[in-house]
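Please take me through this structure, stop by stop, while I have it open in my viewer. Tell me what to select next and what I will find there.

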Amino acid sequence: MAVNYMKLHKRAVSQTPFFNSLFFRRHFCDKVRGSSLDNSEVTARVTSAAKNFHKVDPSKGRLLTGATIGLIIAGGAYVSTVDEATFCGWLFSATKLVNPFFALLDPEVAHRLAVSAAARGWVPREKRPDPSILELEVWGRKFSNPIGLAAGFDKNAEAVEGLLGLGYGFVEVGSVTPVPQEGNPKPRIFRLREERAIINRCGFNSEGIQAVAKRLGAQHGKRKLDESSSTSPTANDGGKPGGKAGPGILGVNLGKNKTSEDAANDYVQGVHTLSQYADYLVINVSSPNTPGLRQLQGRKQLKDLVKKVQAARDEMQWGDEGPPPLLVKIAPDLSKQDLEDIAAVALALQVDGLIISNTTISRPDSISQNPLSQEVGGLSGKPLFDLSTSVLKEMYNLTRGKIPLIGCGGVGSGEEAYKKIRAGATLVQLYTAFAYGGPALIPRIKAELAECLERDGYKSVHEAVGADCI
């Protein structure tokens, strides 16, 4: 069967703006227009080119990344059937071919390229509906699925639309500091590939709340304009899942500046400036890379801080939907007494939720043989799973299941997400596994999670929450 160029180009442009580029027309489509190649031959050539892409000089970063993604999606366009779900699935699977190229780059450069790709729409967009068993409502907000992207990936809210389009149920941006700051000196991100882990000591590198507010404000305005010009129901009208950012829920994670002497004032500034764009807010008091930050997890310090931030949120004018929920993100390196104190404060002040957990400063035996394990910073990824899940389970018991918990730390499969839920998590976040696995990981985790729930006879996520707790 001969290649239908016009059908390909029309369909590819609908998937990503990259295909409207001069590069695509001159360097790929024009070469096969009118050729006798059939779909299988074109697919083989595209796949071969993508697999061999890592041999090219990495210094050509941005151009080559765009070219690779373009070739992969172009190949998808050729082999796709008229069925949109099949085509969408191919696009996500094809992104795995880019991973070897990113693995050759410096971790921070790779991260920067990934954010840029998502911001420009050079990533696949999920068009398949999530399994209905994954839908849930938390804080009066409807989530299409409980799988979210943790803070730290999109620190400055550059790629919210692209990331939500990947199929996450929610995306959390930040941490955002009041004043722009560089963070700690580079290098500050280290891959432990065999252990599927990362150590980072970034130190809240941030463009500041004004830059983030400008981006979120523009996105919010665009969404309102789209809603006003559409006759169909909106995503947050009580029907379909969604929030202020569109089809998914948007969280904003707030941090403090390294040199600030008034931590509470830093968080209050974040609330006043960014809460209008957030479906939920997070007070991050658990990063190990900002001096003195984790001391705010002490009982008195945390109580005073949460009171001030809650007051700042509640004094603002809110419509019928009310103020955004306020969560606290805690560390996994806490004693039993620390956890009891945090639970007591959360219950007494009616904190809306807790995120458990941030990275750990401990080094499990499983990574002790890796020389990079001695680097200073927070450890994330697979080695964090057991510790963070243990803390999650303990906190669920201490709060008696009265506070929604977000489980974060070491999740890389649907089975692991399911274990977080059974340990007390209503929602689950990932980051490091996404850094290694790319977009293809997201639909796989959701499908596996749905299978786990059905296997054990649950009809919803809520039914499974805390199943392994006392």
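Start by selecting serine 175, which is found in strand 4. This is a predicted model, and in it a cis peptide bond joins glycine 174 to serine 175, with omega at about 5 degrees. A second cis peptide bond links isoleucine 356 and serine 357, where omega is about 15 degrees. Serine 357 sits in the loop between strand 10 and strand 11 (378–381).

**The barrel**

Now show the strands as ribbons. Eight of them form a closed barrel in the order 3-4-7-8-9-10-12-13, with parallel pairing. From one strand to the next, the twist averages 25 degrees.

For a closer view of one pair, pick strand 9 (residues 326–330) and strand 10 (residues 353–356), which run parallel and share 4 bridges. Here valine 328 stands opposite leucine 354 of strand 10.

Next, add helix 10 (residues 263–274), which packs on the sheet and touches strand 4, strand 7 (249–254) and strand 8 (280–284). The direction of helix 10 makes about 150 degrees with that of strand 7. Then turn to helix 14 (residues 414–422): it lies across strand 3 (147–149), strand 12 (405–408) and strand 13 (427–430), at about 135 degrees to strand 13.

**The nonpolar core**

In soluble globular proteins, nonpolar side chains tend to be buried together. The largest nonpolar core in this model has 103 residues, and Tyr168, Tyr267, Ile283, Val328, Leu354, Met395 and Leu453 have the most contacts inside it. Select helix 16 (residues 441–455) as well, since this helix gives the core 7 residues, the most of any contributor.

Which residues does isoleucine 283 contact, leaving aside its neighbours within four places in sequence? They are Leu254, Tyr267, Leu305, Val306, Val309, Leu326, Leu327, Val328 and Lys329. Apart from the largest core lies another, of 6 residues, including Val98, Phe102, Leu105 and Leu113.

**Arginine 188 and the hairpin**

Select arginine 188, in the loop between strand 4 (170–176) and strand 5 (189–192). Is arginine 188 buried or exposed? Its relative accessibility is 5%, so arginine 188 counts as buried. The side chain of arginine 188 makes a polar contact of 2.8 Å with the side chain of glutamate 108, and also reaches the backbone oxygen of glutamate 182 at 2.9 Å.

Continue along the chain into strand 5. In a regular strand the side chains alternate between the two faces of the sheet. Both faces of strand 5 are covered, with Ile189 and Arg191 buried on one side and Phe190 and Leu192 buried on the other. Strand 5 is joined by 4 bridges to strand 6 (residues 197–200), and the two run antiparallel. Look for isoleucine 189, which stands opposite asparagine 200 in strand 6. The hairpin of strand 5 and strand 6 has 4 residues between the strands, and arginine 196 takes a positive phi near 50 degrees there.

**Two more backbone stops**

Phenylalanine 204 is in the loop between strand 6 and helix 9 (209–228). Its phi is positive, about 55 degrees, although phenylalanine 204 is not a glycine. Phenylalanine 204 is buried, with a relative accessible area of 6%.

Finish at arginine 400, in the loop between helix 13 (385–398) and strand 12. Arginine 400 has a positive phi near 55 degrees, and with a relative accessible area of 54% it is exposed.

**Zooming out**

Show the whole protein again: it has 17 helices and 13 strands. Buried residues make up 58% of its 470 residues.

Key: Residues numbered from 1 in each chain as written. Predicted model: local features only at pLDDT ≥ 70, side-chain atom pairs only at ≥ 80, totals over all residues. Heavy atoms only, no water. Core = buried A, V, L, I, M, F, W, Y, C linked by side-chain atoms within 4.5 Å. Buried < 20%, exposed > 50% of the residue type's maximum accessible area, 1.4 Å probe, protein only. Contact = heavy atoms within 4.5 Å. Polar contact = N/O pair within 3.5 Å; in protein donor to acceptor, adjacent residues only side chain to side chain. Pairing = 2+ DSSP bridges. Axes fitted to C-alpha atoms, helices over the stretch in contact; angles between N-to-C directions.
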